[in-house]
Amino acid sequence: MRLSSQPIAIALFTFVFFNCTCLSAQSPTGIDLDANGSADFLMVGIGGDSALGWDSFTAQGASTGLPQAQLGAVGDHLVPANWADSSKTLLGFIHRSGNKAYWNVANSQGNVTTRALGAGSDTFVAGADFNGNGVSDAATVRKAKDGSGKLEWTIRYDFFKDVDGAAKVTKKKSLKFGKTGDLPFFANYDGLRDWLGVIRQNPSGPGSQIFLLNPAKSKNRKFSVSDYVVGSIRPVPIRLANGKDILALIRKTNSSTIIKFVTLTGASMGTVELAATGDVVVGDYNPAAAGQEIAVSDDSSFLVYNPSTTEQTAVSVPAGIAVDDINVNNFSSTGSGETCDDQTLSPNDGSDNFLWKPVGENSKRLVVLLPNAYTSYIDEVVLRKADGAFIEKASISFQSLAENPKSRTFARFSKPGRKYPDGLSVVAHHKYGCFLNWVIPETSERQD
Ligand SMILES: [Ca+2]
Ligand SMILES: [Ca+2]
Ligand SMILES: [Ca+2]
């Protein structure tokens, strides 16, 4: 996965069972273009013609060679994965044209197979192995049409298994899981297969809730984490030596990447702060250390961290956009209305818009009014410290004002503005899944 600039997306894995003669054989490696069992750093650069150039390097910095050096264009989502075979990664990308999405995978000879799958506004899940056979599956996630507000996942098992000569697979399955506004992801809960996952902000307090669904048995798991979801940064699965995943919860600062690790039952596995701010990728970059590593890029190097052994190493790799095989993405919508982008907005935006009122006339407590443009789209408003820590959730009400017939969103808090720390953020959750953010430099002063 990558966390910087627009549209390219999330990461991968698979496993080795200690004592089991399991039939399935997911690879725990990650991106492995030379199929040697050690993850490669797959880097993408943008050419002058907007075409994407790909290159791949070992942890020693040697090029591994690729079947296709140029594939896809700016704006496509990159989906390299073990599409045909559990031991070898094939390059791929998703291109949006109108309201259709086209998945493209280059086989071992570099020949590209293109298949339409999903609508332009869907979230696309690539690199997961929901049936545990070692071959990556493709899935789309969208709002269910039944009005329930649930998300509908459609899994196309082994969608490109045939591109290197195997028989075509057409098996698919649809599951309702999660609700609108949740961030979908996937993770291997049981060492057998990837499960569907969603994360959402805790509706009644700090932290987030994580839900998991076994696609084979429709069995649910749920746990809470004290961290909150940051914008569109999804949890990233990291495979342990036992074949099960833990999750990396990632937060970026201006100078570092802070990663908290939790098991799929919510137990903490520690936190690390890496002094790099670029793309985040996952794979078995260091086979000598058990399980997968997580790597953060910084110019022309990666800081590689193993959450099991806490070993940290640096690897030099030519600059580019780093990609792995854990990819959950959607295309930004331009008017279709079902998705939105995170935004930081000015608190000083004129009348009828944002207002920070430290002392409300009646309540004598903090009241925040949100811009009219967002009325009916906001479902939660919270205050967060500059470092993201949760402070308080607002009680929301709507009010029609005489001079303003459209009702406004009022977010009411328990104390006067001056009682809250300077530099905090007002964070509003938009129904379509993004977050709107206003930074308040001096909480005792009115911002209008
Ligand atoms: Ca390799
Ligand atoms: Ca599969
Ligand atoms: Ca390793």
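How many bridges join strand β1 to strand β2, and in which sense do the two strands run? In this predicted model, six bridges join β1, made of residues 41-46, to β2, made of residues 51-57, and the two strands run antiparallel. This pair is a good place to begin reading the structure, and the report returns to it after a view of the whole chain.

## The protein as a whole

The protein holds 36 strands and zero helices, and 44% of its 448 residues count as buried. If we take the contacts between residues at least 6 apart in sequence, 50% of them join residues at least 24 apart.

## The sheet that contains β1 and β2

Strands β1 and β2 belong to an open sheet of four strands, in which the order is β3-β2-β1-β26 and the pairing is antiparallel. At the edges of this sheet lie β3, covering residues 70-73, and β26, covering residues 321-323, each of which pairs on one side only. When direction is ignored, neighbouring strands in this sheet are turned against each other by 40° on average.

Within the sheet, individual residues can be matched across the strands. F41 has F57 in β2 as its bridge partner, while M43 stands opposite D55, also in β2. Between β1 and β2 there are four residues, and the two strands form a hairpin in whose turn S50 has a positive phi of about 70°. On its other pairing, β2 is joined to β3 by two bridges, again with the strands running antiparallel, and here G53 has Q70 in β3 as its bridge partner. As a general point for reading such a sheet, the side chains in a regular strand alternate between the two faces of the sheet.

## A second open sheet and the residue G92

Another open sheet of four strands has the order β4-β7-β8-β9, and its pairing is antiparallel. Its edge strands are β4, with residues 77-78, and β9, with residues 112-119, and each of these pairs on one side only. Strand β8, which spans residues 100-106, is joined to β9 by six bridges in the antiparallel sense, and across this pair W103 stands opposite R115 in β9.

Is G92, a residue of strand β7, buried or exposed? The cut-off for a buried residue is 20 or more other C-beta atoms within 10 Å, and G92 counts as buried because it has 29 C-beta neighbours inside 10 Å. Strand β7 itself covers residues 92-97. Setting aside the neighbours within four places in sequence, G92 is in contact with V79, P80, A81, W83, W103, N104, V105 and A106. The residue D325 is 233 residues away from G92 in sequence, yet the distance between their C-alpha atoms is 9.9 Å.

## Strands β23, β24 and β25

Strand β24, made of residues 301-305, is mostly covered, since four of its five residues are buried. It pairs with β23, residues 293-298, through five antiparallel bridges, and it pairs with β25, residues 312-316, also in the antiparallel sense and over five bridges. The residue S301 helps to show how β24 is placed between its partners, for D298 stands opposite S301, and S301 has S316 in β25 as its bridge partner. Both pairings are hairpins: two residues lie between β23 and β24, whereas six residues lie between β24 and β25.

## Residues with a positive phi

Several residues named in this report take a positive phi, and the table sets them side by side with their places in the chain.

| Residue | Phi | Place |
|---|---|---|
| A35 | near 50° | segment before β1 |
| S50 | about 70° | turn of the β1 and β2 hairpin |
| D158 | near 50° | loop between β12 and β13 |
| D299 | near 55° | hairpin of β23 and β24 |
| T310 | near 60° | hairpin of β24 and β25 |

Two of these residues can be compared in their surroundings. A35 is partly exposed because 17 other C-beta atoms lie within 10 Å of its own. D158, by contrast, counts as buried because it has 24 C-beta neighbours inside 10 Å, and the loop that holds D158 runs between β12 (150-156) and β13 (172-179).

Technical notes: Residues are numbered from 1 along each chain as its sequence is written. Chains are lettered from A and ligands numbered from 1 in the order in which they are written. This is a predicted model: local features need pLDDT of at least 70, side-chain atom pairs count only at pLDDT 80 or more; totals for chains, interfaces and linings use all residues. Two strands pair if DSSP finds at least two bridges between them. Axes are lines fitted to C-alpha atoms, for helices over the stretch in contact, and angles run from 0 to 180 degrees between N-to-C directions. A residue is buried if 20 or more other C-beta atoms lie within 10 Å of its own, exposed if 12 or fewer, and partly exposed in between; C-beta atoms are placed from the backbone. Two residues are in contact if their C-beta atoms, placed from the backbone, lie within 7 Å.
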